[in-house]
Structure formats: C-alpha cells, structure tokens
Amino acid sequence: SPVKEQILKLFTDNKDEFISGEYISKQLGISRTAIWKYMNELKTEGIDIVAVRKVGYKIVGKLDKITPTDIKLGLETKQFGRNVFFYEEVESTQNIANELVFKGAEEGTIVLAERQVKGRGRLQRNWVTGEGKAIAMSIILKPSIPPKVAPQLTLLAAVAVASAISKVTNLKPNIKWPNDILINNKKVCGILTEMHGDSDLISSVIVGIGINVNQEKDEFPNDIISRATSIRIEEGKKILRSKIVQAILMEMEKLYAIFLEKGFVPIKLLWESYAISLGREITATTYSETIVGKALGITEEGQLLLQDEEGKIHTIYSADISII
Ligand code: BTX
C-alpha cells in the first residue's frame, strides 16, 4: 500500500535512528493505531523493529529475503527498483520481465525470484540459481538507442555489479569481457542482456543478473564447482542479498544516467578499471573461429580488440574468453 511504502521510506531516510510515533503520524496523516498495525505487518515479514515507549520505532535487522519490502527498505534510488515483482519460483525472471515489457512496465522495474527452474545464460546455456542464497534479477530498461549499442549495456551492468560488490564487501571483483564478474578468478556473477525492438531502434532491454551470494562451496553442482564462487565463500561471512540488490540498483541508476547523457566513453573507463583480461594472452572462441592473442582493450562501442601472433588486430563482437 502507499502508506506502507511511505513508512519504508521514512525508515530509509532515517536509518539507524528512532522515529517517533508522533512524527510518523504527522508525516503520513494516520493514527497511532494504524501505525501499530503497519509495524506488526513489517514484523511478520521478518523486519526486526524495536519499539520504545515515548521514543519511537527503530529497525534493527532483517532476514535475508528479497521481497518488495526487503528491497525498498533501504533503497535510495529514484526510479530503479521502485516497481518490484517478486516470485518464489519462476522458469526465468527474464521471461517474466518480457511479459511485463509487453504490458507496458516502466523503466527500472525489476523482477526477482528465489528459484529459477530454467535460468538461462548466454547461447542457451544453463544458469544455476542457488535457492534462497542467490540473486536472480531482471531489470527493464527502455533506452532510445540503436540495437548495435545495446551490448554496451551489458558492460555497464557489469560495472554496476562490480562496483556494488566493492561497496558492500571488502572484495575486489574483476570483469572478464564481456560479462563475467570474477572474484579470485572464479565466477560470482553472470549477466545476460536481451532486447526488443526493430533494426533501427530498441524499445527495451532486459538485463538479467545472476549472483552467487550465500552459497557454500559444496552447494554448487559438480560441473561448475571448480569455476564458481560466492560472495560468502570469498568474504568469509554471509551478507544480506537485499543490500547487494540495493547497491546494484543505485549504481545502475547512476551509470545509466551518465550513459544516456554522455555515451559509453565514461563507462568504458570504469569498465577498464575492473577488467582482468586486458594486456594478457587470451583465447577467444567465437561462433566461427578460435583466436589466440593479446587483449588490447575495448573499442568505444564495447567490442574487444585482440592482437594475434602475426600482429593482426581483430575486433570481437561476441565470444567466450579464457585467459591463458
Ligand atoms: P554465461 O553463458 O556467460 O554463463 C553460463 C555458464 O556459467 C554455464 O554454462 C555454466 O558453466 C556456468 N554457470 C552456471 N551457473 C553458474 C553459477 N551459478 N555460478 C557460476 N557459474 C555458473 C551468464 O551466462 C549469464 C547468466 C544470467 C543469469 C541471470 S539470473 C536472472 C536472469 N534470469 C535468467 O534466466 N538469466 C538471468
């Protein structure tokens, strides 16, 4: 309800402080009894609120959940994540976001799920979502850009995730072109961007972000265990998923505004500051060939520049990269 949203906002604006019942009552124009009712509702949702007589209410903790309440409590964005669709189980959050786009969902709308039974990666690959311990999120964007520019949004999303992880943990994530986020050389996040529109102009882009957050080592399937990691494994402690989601939305909103105003160049610089493969010998496997060479950098459009052993420079639009 709008009142509940306003209460979540009051707590967000006054984090770590007591808010008096009188203040809430005046701000929202509701009775003390009504406030009491909303506080109880938040408690049943797993929000830990202390109430001190004559002082007020304060939030002292929450569970590791990603419901709309969990996301909005502490969210500092203007638009991103203001509309949250949450599901216990979906085939893929990308599919739900797709349907929402056709129903006219606003830019910045997000879809989250605890379980994905058909989570997907690029090229029809599978993406594993550790139930209750991972983030599976799709963000709807509606930029007016030509389709060839869309891959830049994948790189932008990678910067947003890397910088969000750096802000809420002590970790130093890296990006492997185009879309893997690695910590200590293991994959902690994958990003998949899908778009709608015609050949001249995009109408929407759905950015899918999968992050391993609180899984322990033995919780990964055998086929990925040697290449995957989670924030918990690397940080050595659990972290609230809602905090990471909020940080990503904040970074995305900021970077996206910069991108729309100034284009890709400022994003490119940030991307390069996280890049792991630049200057190294890599193998790039495209749909038609395998090229071995040195990664020189990315172009102003976001493609990878690779110099092979004969000195020839290749511009790579899409490939799997392994670092030699
Ligand atoms: P990708 O094609 O770069 O990576 C997929 C590959 O990564 C798989 O083939 C597998 O080897 C490995 N992999 C699968 N699951 C994991 C995992 N949990 N951790 C590490 N490695 C893994 C990356 O594609 C894009 C992933 C996007 C996922 C999000 S989740 C929300 C949204 N919904 C959806 O269905 N996809 C996106």
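**Note on the seven-stranded sheet and its helices**

1. In this predicted model, helix α8 (residues 241–262) lies across β5 and β9. Its direction is at about 25 degrees to that of β5.

2. A second helix, α6 (residues 151–168), lies across β5 (134–141), β6, β7 (180–183), β8 (186–197) and β9 (202–212). Relative to β8, helix α6 runs at about 145 degrees.

3. These strands belong to an open sheet of seven strands with mixed pairing, in the order β3-β4-β5-β9-β8-β7-β6. The edges are taken by β3 (84–90) and β6 (174–176); each has a single partner strand, so one side of each is left without a neighbour in the sheet. From one strand to the next, the twist averages 20 degrees.

4. At the β3 edge, the partner is β4 (residues 110–116): the two strands run parallel and are joined by six bridges. Within this pair, phenylalanine 86 stands opposite leucine 112 in β4.

5. Strands β7 and β8 run antiparallel, with four bridges between them. They form a hairpin in which two residues separate the strands. Asparagine 184, in the turn, has a positive phi of about 45 degrees. Isoleucine 183 has lysine 186 in β8 as its bridge partner.

6. Strand β8 is also joined to β9, by nine bridges in an antiparallel arrangement. This second hairpin has four residues between its strands. Here glycine 190 is paired with glycine 210 in β9 as its bridge partner.

Terms used
Residues are numbered from 1 along each chain as its sequence is written. This is a predicted model: local features need pLDDT of at least 70, side-chain atom pairs count only at pLDDT 80 or more; totals for chains, interfaces and linings use all residues. Two strands pair if DSSP finds at least two bridges between them. Axes are lines fitted to C-alpha atoms, for helices over the stretch in contact, and angles run from 0 to 180 degrees between N-to-C directions. Two residues are in contact if their C-beta atoms, placed from the backbone, lie within 7 Å.
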